[in-house]
Amino acid sequence: MPHIAVKLWPGRSEEEKRAFARAVADDAARYLHADKAWVSVSIEEIEPEAWDETVVRPEILEKPDIQYVRSE
């Protein structure tokens, strides 16, 4: 607890993704008062042409009640 799932366009190196995931996990542990050993982060790359169908509609438009930060 917690598990954080990140979806983004392809193009970042494995090193960039690992560094990002580590930073997110560290902050999650600090802000949620969780043991770092229990925090996990996954990264799924979504092609730009599939973004609206795969992310925007099901993850953003259809679930506004669970979003805490939303891009303008």
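**Salt bridges, a ring pair and unusual backbone angles**

Reader: With which residue does aspartate 27 form a salt bridge?
Author: In this predicted model, aspartate 27 has a salt-bridge partner whose closest N and O atoms lie 2.7 Å from its own. The two residues are 3 apart in helix α1, which means that about one helical turn separates them. Aspartate 27 itself is partly exposed, with a relative accessible area of 34%. The partner in this salt bridge is arginine 30.

Reader: How many salt bridges does the structure hold?
Author: The pair of aspartate 27 and arginine 30 is one salt bridge, and glutamate 14 and lysine 17 form a salt bridge as well. For the structure as a whole, the number of salt bridges is 6.

Reader: What is the N to O distance in the salt bridge where the side chains of glutamate 14 and lysine 17 meet?
Author: Glutamate 14 and lysine 17 are 3 residues apart in helix α1, so about one helical turn lies between them. Glutamate 14 is partly exposed at a relative accessible area of 45%, whereas lysine 17 is buried at 14%. Their side chains meet in a salt bridge with an N to O distance of 2.9 Å.

Reader: How many residues apart in sequence are the parts that lysine 17 and glutamate 45 tie together?
Author: The side chains of lysine 17 and glutamate 45 meet in a salt bridge, with 3.0 Å from N to O. Because lysine 17 lies in helix α1 and glutamate 45 in strand β2, this pair ties together parts of the chain whose separation in sequence is 28 residues.

Reader: Is lysine 17 buried or exposed?
Author: Lysine 17, a residue of helix α1, is in contact with Arg12, Ile43 and Glu45 when its neighbours within four places in sequence are left aside. Its relative accessibility is 14%, and because the cut-off for this class is under 20%, lysine 17 counts as buried.

Reader: Which residues are linked in a network of salt bridges?
Author: Lysine 17 meets glutamate 14 in one salt bridge, and lysine 17 also meets glutamate 45 in a salt bridge. Glutamate 45 counts as partly exposed, at 34% relative accessibility. The residues linked in this network are Glu14, Lys17 and Glu45.

Reader: What is the angle between the planes of tryptophan 9 and tryptophan 51?
Author: A search of the whole structure finds 1 aromatic pair. This pair is formed by tryptophan 9 and tryptophan 51, whose rings lie 6.4 Å apart from centre to centre in an edge-to-face arrangement, and the angle between their planes is 90°.

Reader: Where does tryptophan 51 of the aromatic pair lie?
Author: The pair links distant parts of the chain, 42 residues apart, with tryptophan 9 in the loop between β1 and α1. Tryptophan 9 counts as partly exposed, at 44% relative accessibility. The other member, tryptophan 51, lies in residues 51–61, that is, in helix α2.

Reader: What is the phi of histidine 33?
Author: Most residues other than glycine have a negative phi, and most peptide bonds are trans. Histidine 33 lies in the loop between α1 (14–32) and β2 (40–45), and this residue is exposed, with a relative accessible area of 73%. Although histidine 33 is not a glycine, its phi is positive, at about 55°.

Reader: Is the peptide bond from methionine 1 to proline 2 cis or trans?
Author: Proline 2 belongs to the segment before β1 (3–8). The bond that leads from methionine 1 to proline 2 has an omega near 0°, and the peptide bond is cis.

Reader: Which pattern does the protein follow when read along the sequence?
Author: The protein has 2 helices and 2 strands, and its C-alpha atoms fill a box of roughly 35 × 30 × 20 Å along the principal axes. Read along the sequence, these elements follow the pattern β-α-β-α.

Reader: What percentage of the residues in the protein is buried?
Author: The accessible surface of the protein comes to about 5900 Å², with 54% of that area belonging to carbon and sulfur atoms. Lysine 17 is one of the buried residues, and of the 72 residues in the protein, the buried share is 17%.

Definitions and conventions:
Residues numbered from 1 in each chain as written. Predicted model: local features only at pLDDT ≥ 70, side-chain atom pairs only at ≥ 80, totals over all residues. Heavy atoms only, no water. Helix = DSSP H or I, 4+ residues; strand = E, 2+ residues; numbered from the N terminus. Buried < 20%, exposed > 50% of the residue type's maximum accessible area, 1.4 Å probe, protein only. Salt bridge = Lys/Arg side-chain N within 4 Å of Asp/Glu carboxyl O. Areas by Shrake-Rupley, 256 points an atom, 1.4 Å probe, with all protein chains shown as cover. Contact = heavy atoms within 4.5 Å. Phe/Tyr/Trp six-rings, centres within 6.5 Å; stacked < 30°, edge-to-face > 60°.
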